[in-house]
Amino acid sequence: MLLLGCIKEVTDFELVISLPNGLTGFVPVTQISNAYSELLSKQVAQGELLEDLKSLSDLYSPGMLVRCVVTSAEESDNGRRSIKLSINPKNVNKGLNASALTSGMLLSGFVSSAEDHGYLLDIGVSGTHAFLPYEKVQNYIKTVNRGSGLKIGQSLNCVIEEVKNEGRVVRLSADRSKVAASIATEQQNWTLSNLLPGLVVKAQVQKVSPLGISLTFLSYFTGIVDFMHVDPEKSTNYSPNQVVKACILSVHPTSKVVRLTLRQAFLHPGRSPNQLSNDRIGAVVEESTVKAFYKQFGAVFELDDGTLAFARLKHLSKNRKSFKPAAFKTGCKHKSRIIDYSLMDEMCIVSLKYQIIEARFLLHRDIHTGDVMRGKVLSLKPIGMQVKVADGIKGLVPSMHLADVILKQPEKKYNIGDEVRCRVLECNPAEKKLFLTLKKTLVQSKLPILSSYEDAEPGLITHGFVVCAREFGCIVKFYNDVKGLVPKNELSSEPISCPDKVFHEGQVVKVMVLKCEPQQERLLLSFRLSSRPVPEGRSECTPKKNQQVKYQIGEMVDVKILKKNENGLEVSILEDRGDVIASLPTVYLSDFVANSKLLWHCLQEGDVLPRVMCLSDKGDHIILCRKSAVISAVQEEQVVRSFSEIQPGMQLIGYVRKVMPFGVFVEFPFGVTGLAPKVSMSDKFVTDTKDHFEVGQTVIAKVMSTDKEKQRVLLNLKVSECSSGDSAAESFSLLNQYFKEMVDIRNLLRRREQSGLARLLCELVPGKELQLVVQDVKEDGSALFSGSCVRGLTVTATHYHLGGKNIVPGEKTKGLVLHVDVITSKVYVSLREDLLKKRAKQVGVHGSQRTPSTLPSCST
């Protein structure tokens with residue numbers, strides 16, 4: 001069976017392909033093309049890397065449409081179907097022969113070699129040499145390959161321009177405009193035996209039904225457009241005898257059924273279908289509205305953002321017995337969860353099953369290092385145990401981690417199907433790899449999780465496990481492959497002559513961090529928990545004598561910048577003749593994360609910052625803060641100075657101290673800290689805590705409860721819980737503060753005489769109309785621009801903000817500034833007519849080139 005598919009994921013050894021109707025297939029690395037397979041075999045035979053052999057990720061990217069043929073379809077024990085595919089033109093174009101080739105045909109070819117004047121392409125037709133001249137591929141190389149030549153095994157759509165010697169030689173063109181405009185015609189003599197998916201045809205509507213549309217095309221062919229491939233914007237406007245453009249999706253070899261799509265993304269060969277942000281997958285939608293119900297297939301829903309989604313019949317209820325068709329009448333609302341996205345159907349795939357909606361883990365990215373979970377034993381192998389932790393998610397427990405001690409016969413302890421409680425050692429969502437531990441001490445440990453070198457603060461006590469014991473000491477490993485050295489003198493308070501006799505591989509140990517160098521990934525540890533680490537640098541330098549001046553928390557000072565470092569600014573306090581040195585971290589420069597980064601970027605050594613507040617003073621280490629909200633809270637006494645002052649229901653202003661997978665730690669002035677658990681972080685569903693908060697971010701927190709015995713505070717960061725009665729006034733006050741800071745930043749940039757680029761960035765305010773020249777149109781539909789008014793800057797517009805315009809390099813156009821990124825010197829613009837007309841209307845009303853009131857006067 002021939003199918004049109006869209007690349008969903010690229011791995012080292014296969015392409016994951018999105019197929020119509022929510023199906024997924026896999027193309028092994030050996031099923032790309034004959035020339036690519038020959039290079040693979042040559043590399044294996046020689047045992048060394050070949051320069052001409054590029055990885056699949058160098059040749060293919062998500063979003064590319066490819067023609068596929070099904071090589072096998074197998075069903076596993078759990079009912080899942082595995083579809084194996086080939087994109088090799090020898091298989092895909094099997095029905096074509098040399099005599100059938102005619103000018104204007106759209107074929108997919110694979111680069112087999114580079115010649116003096118062009119490329120030889122494999123189009124899968126025996127006895128035919130297909131040549132692609134350099135001049136016919138320059139546009140493709142510039143826009144898609146970013147200037148680099150084509151590589152062996154690379155796929156591209158081509159139009160036949162000339163046929164010679166009865167089809168033994170054909171000349172091709174990969175010009176993107178010609179490919180996009182190509183339409184299959186009767187003159188090209190297509191037959192049912194060689195009809196290809198991906199061809200765009202003119203068709204006539206025969207019959208319209210709730211399940212789809214019947215079409216006729218190429219004079220005598222008939223085809224079907226199912227309900228998922230009717231153009232959503234015209235779904236109710238089709239009528240018999242209407243002429244439409246359609247794209248062939250699949251051709252069944254035995255039943256001769258041809259399926260087509262009317263979706264706009266497929267009607268111009270070479271383009272890509274719309275993609276969904278990965279952040280959306282896994283989201284729970286409280287109200288999904290039924291648009292249509294098909295008793296044999298499932299239901300189409302409209303989600304909260306207006307997009308369409310499809311739920312298969314088996315995902316509409318827990319089981320067949322509990323399924324009630326009456327609950328899926330048009331307009332009915334249901335709670336659902338987005339479990340996937342079908343690129344070929346341009347639809348979210350959702351489930352209404354309670355166990356899926358409430359599932360803690362749906363994707364690998366939902367799993368975080370240190371998470372404790374339950375799983376089911378699938379198999380026992382020499383390398384370890386395979387455990388199923390959720391549908392579609394399996395993890396490996398290495399042999400060393402099957403128990404606190406090394407098990408020689410693990411099959412005596414574990415049986416297939418047993419439920420086990422485990423902890424995540426490492427999770428790599430990109431490679432879908434998950435490593436777990438069953439060591440009881442690690443699983444039950446209440447000590448902090450050490451999963452990065454940045455978290456290894458001196459004095460931290462945690463659990464790890466020994467991976468090596470030698471005469472020099474022990475190597476101890478933690479989570480995410482973090483490891484450190486326990487030198488021989490730190491193994492015990494008593495001398496140990498032979499560490500390998502005392503400690504063994506896999507042994508769980510409690511250690512204390514003495515010193516850490518994150519950039520070098522060096523970690524010094526101790527088993528002597530009673531010892532106290534010397535703060536870094538203490539032995540090398542001592543504080544200045546007049547550094548002993550104490551500053552009260554909340555005291556306002558003026559400072560001068562001495563030095564910029566990676567984490568902030570080193571400043572001198574002017575009140576004490578500049579002799580007292582203090583730190584002003586980047587995250588404390590502003591209440592707004594974006595402004596903090598901008599300020600650090602714009603400030604220079606020698607600049608003076610007035611009215612900065614002392615946040616903490618430990619004698620030799622003074623921390624300052626420039627956050628307006630925090631300063632106001634301290635000055636207005638809207639703070640707590642000790643744990644005893646905290647009462648449930650209080651609303652306090654603080655800043656994020658640490659973001660953990662299970663929640664966010666918030667610190668308040670005077671050192672009191674609290675935890676906002678994951679469930680209390682946001683009004684939205686929280687998949688990854690790092691997507692919602694950043695370290696140093698200013699927050700308003702509501703005290704939920706306190707535990708005096710354990711000195712713990714639980715917080716709520718939900719906007720719905722933390723806003724006061726006059727939320728509009730609060731919002732405008734914050735916006736006013738934000739724009740006030742932006743004006744200061746702009747003035748700061750203007751004063752930098754050495755940077756003409758900075759002054760140019762200051763003048764490019766959102767809402768300003770620019771005269772631009774199209775420089776490049778990328779494969780994802782976005783575009784780059786140039787122009788005298790933006791010289792030296794990167795100007796770009798997303799596919800959405802091109803407004804459906806078919807622009808080409810060299811074309812002149814108007815663009816409206818949306819956003820200016822000062823740090824990267826990037827300007828984001830829009831070509832959408834509705835925005836440009838709105839801008840023109842406002843200019844007409846005001847009589848001058850003013851920034852529209854609907855857009856901020858400056859942007860970060």
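In this predicted model, the largest nonpolar core comprises 59 residues, and among these Leu624, Phe785 and Val829 touch the most other members. When residues up to four places away in sequence are left out of the count, the contacts of Leu624 include Val557, Val559 and Val571, together with Ala582, Ser583, Leu584 and Pro585, and also Tyr588, Val612, Met613, Cys614 and Leu615. Another core, of 52 residues, lies apart from the largest one, and its members include Met105, Leu121, Ile213 and Val251. As a general background to such groupings, nonpolar side chains tend to be buried together in soluble globular proteins.

Helix α1, which covers residues 34-46, has a length that can be checked by simple reasoning: at 1.5 Å a residue, its 13 residues should span 18 Å, and because the end C-alpha atoms are indeed 18 Å apart, expectation and model agree. Within α1, the residues Ala35, Tyr36, Ser37, Leu39 and Gln43 are buried, and the elements that cover the buried residues of α1 include α2 (56-59) and β6. In an α-helix there are 3.6 residues a turn, so residues three or four places apart point the same way. After α1 comes Gly47, which has a positive phi near 75°.

Strand β6 is also part of a barrel, which five strands close in the order β6-β7-β8-β10-β9, with mixed pairing. Neighbouring strands of this sheet are turned against each other by 50° on average, direction ignored. Between β6 (residues 106-114) and β9 (residues 155-164) the pairing is antiparallel and runs over five bridges, and Phe110 has Ser155 as its bridge partner in β9. In general, the strands of a sheet pair through backbone hydrogen bonds, either parallel or antiparallel.

A further antiparallel pair is made by β29 (residues 508-517) and β30 (residues 522-526), which are joined over five bridges, with Leu525 of β30 serving as the bridge partner of Val513. These two strands, β29 and β30, form a hairpin in which four residues lie between them, and Glu521 in the turn has a positive phi of about 55°.

The UniProt record, in an unreviewed entry, lists several spans under "domain: S1 motif", including residues 104-175, 459-528 and 649-718. In residues 459-528, the end C-alpha atoms lie 11 Å apart, and the span is 6% helix and 50% strand. For residues 649-718, the end C-alpha atoms lie 13 Å apart, while the span is 0% helix and 50% strand.

Definitions and conventions
Residues numbered from 1 in each chain as written. Predicted model: local features only at pLDDT ≥ 70, side-chain atom pairs only at ≥ 80, totals over all residues. Heavy atoms only, no water. Pairing = 2+ DSSP bridges. Axes fitted to C-alpha atoms, helices over the stretch in contact; angles between N-to-C directions. Expected span 1.5 Å × (residues − 1). Buried < 20%, exposed > 50% of the residue type's maximum accessible area, 1.4 Å probe, protein only. Contact = heavy atoms within 4.5 Å. Core = buried A, V, L, I, M, F, W, Y, C linked by side-chain atoms within 4.5 Å. UniProt positions renumbered as here; feature names shortened; annotations may be inferred.
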